[in-house]
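Visitor: I have a structure open and would like to learn how to read it. Where do we begin?

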Amino acid sequence: MNMKELTALNTSRRNFMAGVGAIAASQGIPSAQAASPIIDQSRFASQERLWSDVKTMVSYGLRYPGTANHLRYCAFINQRLRDAGLIVEQLERHSLDVWEPRKWSIVSASGKAIRVAATNRESSSTGPDGVTAPLKYCGTAKGTVFGAALDPSSFPHIDIPADVKGKIALIEVEIEPLPFGRMFEGQVAAVVDRSHAGGMPAVQPMATAWNNTESRLPATLEEDLRKAGAEGVIYAWANIVDDDGQGQIRRNGTAALPSLWVAMSGARALRALEASGEPVTLTIEAHVTPAVHTATTVATLPGMSDETILVWTHTDGMNAIQENGSIAVVNLMKYFAGIPKEQRKRTITCVLSEGHLALNHTPDIWWATQRPDIMAKAVASISMEHMGCREWLGHPEANTFTPTDKPDVSWAFTFAPEDKPNYLAKIMEQALGESTLARTVVTSNSPFSFCPGLHPWTLAKVPSIGYISTPSYFLAEAPDGHISKLCPALYHEQVLTMARAIRLLDAAPRAMLREA
């Protein structure tokens, strides 16, 4: 197959797979059109092996970036990559302030404890005695994280009342379901949902706590409240059930005021206390360690050329979901390292960011400024996050949080140059060909893609795939790390899907990916 023939390939599945198959056959790779195209499952990590690794990750506890637990986990991951035969480098930096909460509570003057749902990362501390003051309701923010793009007039406005001085501000947040149908209209390339027959929901079934409505609040809100004389601020999810809101990491805290979050029952209790004028004591104590040493991991498996497939995930997290993509990467690289080099057309470079949950200190894409050579050689990138997740939904009328007996919707966001067919969407559709458990939506060049691993496309127009699931609990702490909400079989299947996608990217002609 010559270059003229390659560039003439059209968007049809048949011609696409014929092109991939021809290249694969020339390298001794099994045909991508076969029932089991390119992954030898007899040599791939078993479901039991993968799940054992996920449990090991959870055993490290909370792994927020820069903490002792996280540093130990990074050492574990790096050693596993070295053991697989990869060249492991560390891009070191000293820019992370580690904020670790030690004590938090809300108690009424009469001694009633209000259930706290979550701490607010980088909140100001109160000291051991807390701050005691009456509450002052300041308004309700409504919407979705994508509301501004869909409706620029929808930004909430919070009027700071004059009589907030000497009081603790109470701000309610009502989260609306994401309108998937409007967000992805005309951009869905495929929906793989063989065992559930549900397809892509037009609207997210229920509002979820990850939907960052608070990110749409004015950036100066807490500073403005402080200037107005407020003693603290409590954010209250008015329509998030208690068990859904519990442990959710929030990243909108500031040094201006001490702050905490409550969920639905706490919101009701605090509104009643505000109406009665009964004071509450808000306590939040945290330890801050400045300028902690951290490092981004770059691990390379050389291929027959320096054309590179970039694989991205991160290592920090607080549960079994964040970030089990790092366990997937370790096992994927062990598999690919076992394939003779002459059967691997391209180099695979894995970037594992360490500070995804502290982006104000450690931006995900920092590595690209240190290693522009990786981006220059990349013909495609693929990222993976939050695999194996079951769907759980909240029911505000009963204040319950229960499973639906379905996998959570997974998203395969794909991006390619606008002047050529999006072959990556076809690659993902093919990679999903053997899936029986997943509910996966493949999109093409969608402006609403919410996968952080798509940075290479944003920066350098490297054709990119971002694979992610965002269940309600993916940012929540829990005693068991929410591992009981995951499905080992689904996790194994999704890691296999990533293996097929990487193998297809390796076999694809360059003309289908990135131009020279």
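**Reading helices, cavities and salt bridges**

Guide: This is a predicted model. In helix H13, the buried residues are Tyr423, Leu424, Ala425, Ile427, Met428, Gln430 and Ala431.

Visitor: Why is H13 called largely enclosed by the rest of the structure?

Guide: Seven of its nine residues are buried, so the structure encloses most of H13. Look also at the N-terminal end of H13, which Asn422 caps. A side-chain oxygen of Asn422 lies 3.1 Å from the backbone nitrogen of Leu424.

Visitor: Next, empty space. How many cavities of 30 Å³ or more does a search of the whole structure find?

Guide: The general idea comes first. Rolling a probe the size of a water molecule over the atoms shows where empty space is left. Here the search finds three such cavities. The largest has a volume of about 160 Å³. Of its 15 lining residues, Gln204, Pro205, Glu391, Asp408 and Thr470 are the closest to its centre. Strand S14 gives the most to this lining, with three residues. The lining of the largest cavity holds nine nonpolar, four polar and two charged residues.

Visitor: And salt bridges? Which residue pairs with Asp163?

Guide: Side chains of opposite charge can pair when their charged atoms come close. Lys136 is the partner of Asp163, with the closest N and O atoms 3.3 Å apart. Asp163 sits in the loop between helix H5 and strand S6, and Lys136 in strand S5, so the pair ties together parts 27 residues apart in sequence.

Visitor: Is each partner buried or partly exposed?

Guide: Asp163 is partly exposed, at 38% relative accessible area. Lys136 is buried, at 17%.

Definitions and conventions
Residues numbered from 1 in each chain as written. Predicted model: local features only at pLDDT ≥ 70, side-chain atom pairs only at ≥ 80, totals over all residues. Heavy atoms only, no water. Buried < 20%, exposed > 50% of the residue type's maximum accessible area, 1.4 Å probe, protein only. Helix = DSSP H or I, 4+ residues; strand = E, 2+ residues; numbered from the N terminus. Polar contact = N/O pair within 3.5 Å; in protein donor to acceptor, adjacent residues only side chain to side chain. 1 Å grid on protein atoms, 1.4 Å probe; cavity = no way out; pocket = protein on both sides within 12 Å on 5 of 7 lines; lining within 4 Å. Points joined across faces, edges and corners; volume = space filled by probe spheres on them. Nonpolar A, V, L, I, M, F, W, Y, C, P; charged D, E, K, R; others polar. Salt bridge = Lys/Arg side-chain N within 4 Å of Asp/Glu carboxyl O.
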